[in-house]
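Trainee: Please pick one part of this model and look at it closely, then connect it to the rest of the chain.

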Amino acid sequence: MKVESVQVEGYAILPVQLPTTPLFPTPATHYLYLRPHEPRIPDPDSTRSLFIVNVPIDTTEAHLRHLFGTQLASGRVERVQFEDVQNKKRAAATTTETNLSQSKKKRKRVTADDFERHLDEITLPSTWDRKLQKSGAHAIVIFADKPSMESSLKAATKASKRGTTIVWGEGLPTDRIPVLGLNRYVAHERMQYPDRGTLLRTVNEFMTTFTQVAETRKREDHKRLAVPDEDGFVTVSHGPKLNSVAREDEMRELVEKQKKKGVGLEDFYRFQSREKRKERQNQMLRRFDEDKKKLAEIKARKGKIRPE
């Protein structure tokens, strides 16, 4: 049965039917809201991307590829970004991996920030074989090109207008996505104890990258300090720095050594001797004035003091 095309705030509506289960045999309809992706800061992929709101909680990249590539037969999906994945972080990670891979071939300069971004990407093995989305989550579907995105949006609008029944995940091979239910938690229990080799590789990669970050940062600091400032002066620095927490004790010991070296050199210069003599004279004058005041107070209380 044909229905009128409905849009909400510029979003095209695509109803999909959730598959039935033995415990819930009644079909349920879920609504997807689609529109071209228009971020505040455009990127090279935004012109060929669709912004989808209210994806089902069991949505995976395979579901969306199957929806647009097979069920709607409209376009080829290149990749999918879900709500919890930051676009900038993903782009930075891709750039970092490219820089790290090309650094050995072309000797491209890799900065400490590149290593730090790569360090953030290193995580322990996941304990879940499939991630569930939160209710009402959104996703960004990046297509191979802009015509694929436009044809996919048109196909979704046409299917909604014609009332075509689209069963979510129907025809998707079961071996492409992990199953839910009890098997999901059995797999979770097993994945909580990864093998020793996987853990060792992850820890070694993290420690190696951490060392590279420290060494690269140190080289960059030395190089920056060697650059003259606006007045033409070069900052000369030796020894540990106060902003290094690991070397605060070493800096403290260095200060104490400098103090010990200065012992016995207080009167090395003439002006130091003069200053000390003046200070002693001022102290004697202050004490004499204090004694005079005390004597005057005694006389005021007891009268004149008769000599013996």
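**A tryptophan and its surroundings**

Mentor: Happy to, and my starting point is Trp128, which counts as partly exposed at 33% relative accessibility (buried means under 20% relative accessible area, exposed over 50%, partly exposed in between, with a 1.4 Å probe and protein chains only). Keep in mind that this is a predicted model, in which local features need pLDDT of at least 70 and side-chain atom pairs count only at pLDDT 80 or more, while totals for chains, interfaces and linings use all residues. Residues are numbered from 1 along each chain as its sequence is written, and side-chain values use heavy atoms, with hydrogens and water left out.

A search of the whole structure turns up three aromatic pairs (rings of Phe, Tyr and Trp, its six-membered ring, with centres within 6.5 Å; planes under 30 degrees apart are stacked, over 60 edge-to-face, the rest tilted). In one of them, the ring centres of Trp128 and Tyr185 are 5.8 Å apart and the planes stand at 85 degrees, so this pair is edge-to-face. Trp128 sits in the loop between α3 (112-121) and β6, whereas Tyr185 belongs to helix α5 (residues 182-191), so the contact ties together parts that are 57 residues apart in sequence (helices, H or I of at least four residues, and strands, E of at least two, are DSSP runs numbered from the N terminus).

Phe206 and Phe210 make another pair, this one stacked, at 6.5 Å centre to centre with 15 degrees between the planes. These two phenylalanines are four residues apart in helix α6 (residues 196-225), which means about one helical turn separates them. An α-helix has 3.6 residues a turn, so residues three or four places apart point the same way. Phe206 is partly exposed, with a relative accessible area of 33%, and Phe210 is partly exposed as well, at 46%.

Back on the helix that holds the tyrosine, Arg184, Ala187 and His188 of α5 are buried. These three cover an arc of only 105 degrees around the axis, which puts them on the same side of α5 (the arc is that of the directions from the helix axis to the C-beta atoms). Leu182 and Arg190 are exposed residues on the face of α5 turned away from that buried side.

Helix α6 also reaches α3 through charge: Arg217 forms a salt bridge with Glu116, with the closest N and O atoms 2.8 Å apart (a side-chain nitrogen of Lys or Arg within 4 Å of a carboxyl oxygen of Asp or Glu). This pair links distant parts of the chain, since Arg217 is in helix α6 and Glu116 in helix α3, 101 residues apart. Arg217 is partly exposed at 27% relative accessibility, and Glu116 is partly exposed at 31%.

Elsewhere, salt bridges that share partners join Asp45, Arg48, Glu78 and Arg79 into one network. Within this network, the side chains of Arg79 and Asp45 meet at 2.6 Å, N to O. Arg79 lies in strand β5 and Asp45 in the loop between β3 and β4, 34 residues apart. Arg79 also meets Glu78 in a salt bridge of 3.0 Å, N to O. Both residues are partly exposed, with relative accessible areas of 23% for Arg79 and 34% for Glu78. The whole structure has eight salt bridges.

That brings us to the sheet, which is open and has six strands in the order β1-β2-β3-β4-β6-β5, with antiparallel pairing (two strands pair if DSSP finds at least two bridges between them). β1 (7-8) and β5 (77-82) are the edge strands, each pairing on one side only. β1 is joined to β2 (residues 11-18) by two bridges, and Val8 stands opposite Tyr11 in β2. Helix α1 (residues 61-71) packs on this sheet, touching β2, β3 (28-36), β4 (49-53), β5 and β6 (138-143), and its direction makes about 135 degrees with that of β5 (contact means heavy atoms within 4.5 Å; axes are lines fitted to C-alpha atoms, for helices over the stretch in contact, with angles from 0 to 180 degrees between N-to-C directions). Helix α4 (residues 146-162) lies across β2, β3, β4 and β6, running at about 65 degrees to β2. Further along, β2 and β3 pair over seven bridges, with Thr29 in β3 as the bridge partner of Gln17. Four bridges connect β3 and β4, where Arg35 has Phe51 of β4 as its bridge partner.
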